[in-house]
Amino acid sequence: MSIWWSLHLRREAASVPLARRLLIGTMETAGVDPDISYDLSVALSEACANAVEHGGDTGRGPGSEAYRVTAYLDGEKCRIEVADAGPGFPAASAGRSRPQIRPAHADAEHGRGLCLIEELADHVHIGNKPGRGGAVVSFDKVLKWREDAPLMAV
């Protein structure tokens, strides 16, 4: 069984729950274990919120006012990618291949998203899009299925 979808969303706060609900609905319909669905939906919400907040550059034209979410449920794994058209992560200018992620303070209201994604997913890739600029956050998780899953991987 393989399911995939891709959304092109405006960088608005209302797009975050839309992407989350679509992911939850897809996994629920396929028969993915609710705990796995929840973890992935929280990780997706964090990645989308980052794209909304940091993923644009008004000087780059109307394309920077959108971001893309792609989800793949393929076999026993779900892979999600969130890509924006913003300035990207500063890692390239510092000579690192990946941005440094530091845990936020316990009472911080911002700065927890990437750490949370790393905790909830099995594999995480965080970097910049080659060429055109922008950030890409992709992550995957091994799926567990409900006993009555209609689309369970064989």
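Glu-81 is partly exposed in this predicted model, with a relative accessible area of 22%, and this residue forms a salt bridge with Arg-68 in which the closest N and O atoms are 2.5 Å apart. Because Glu-81 lies in strand 3 (residues 77-84) and Arg-68 in strand 2, the pair ties together parts that are 13 residues apart in sequence. Arg-68, for its part, is partly exposed too, with a relative accessible area of 30%.

Side chains of opposite charge can pair when their charged atoms come close. How many salt bridges does a search of the whole structure find? The search finds 6, among them the three listed here.

| Acidic residue | Basic residue | Closest N and O atoms |
|---|---|---|
| Glu-81 | Arg-68 | 2.5 Å |
| Glu-65 | Arg-11 | 3.3 Å |
| Asp-140 | Arg-79 | 3.5 Å |

The salt bridge of Asp-140 with Arg-79 links distant parts of the chain, since Asp-140 sits in strand 5 (residues 135-142) and Arg-79 in strand 3, 61 residues apart. Asp-140 is buried, with a relative accessible area of 7%, whereas Arg-79 is partly exposed, at 35%.

Arg-11 and Glu-65 form the remaining pair in the table, and this pair also links distant parts of the chain, with Arg-11 in the loop between strand 1 (2-10) and helix 1 (15-30) and Glu-65 in the loop between helix 2 (34-54) and strand 2 (66-74), 54 residues apart. Is Arg-11 buried or exposed? Its relative accessibility is 17%, so Arg-11 counts as buried, the cut-off for that word being under 20%, while Glu-65 is partly exposed, with a relative accessible area of 32%.

Technical notes: Residues are numbered from 1 along each chain as its sequence is written. This is a predicted model: local features need pLDDT of at least 70, side-chain atom pairs count only at pLDDT 80 or more; totals for chains, interfaces and linings use all residues. Side-chain values use heavy atoms; hydrogens and water are left out. A salt bridge is a side-chain nitrogen of Lys or Arg within 4 Å of a carboxyl oxygen of Asp or Glu. Helices (H or I, at least four residues) and strands (E, at least two) are DSSP runs, numbered from the N terminus. Buried means under 20% relative accessible area, exposed over 50%, partly exposed in between (1.4 Å probe, protein chains only).
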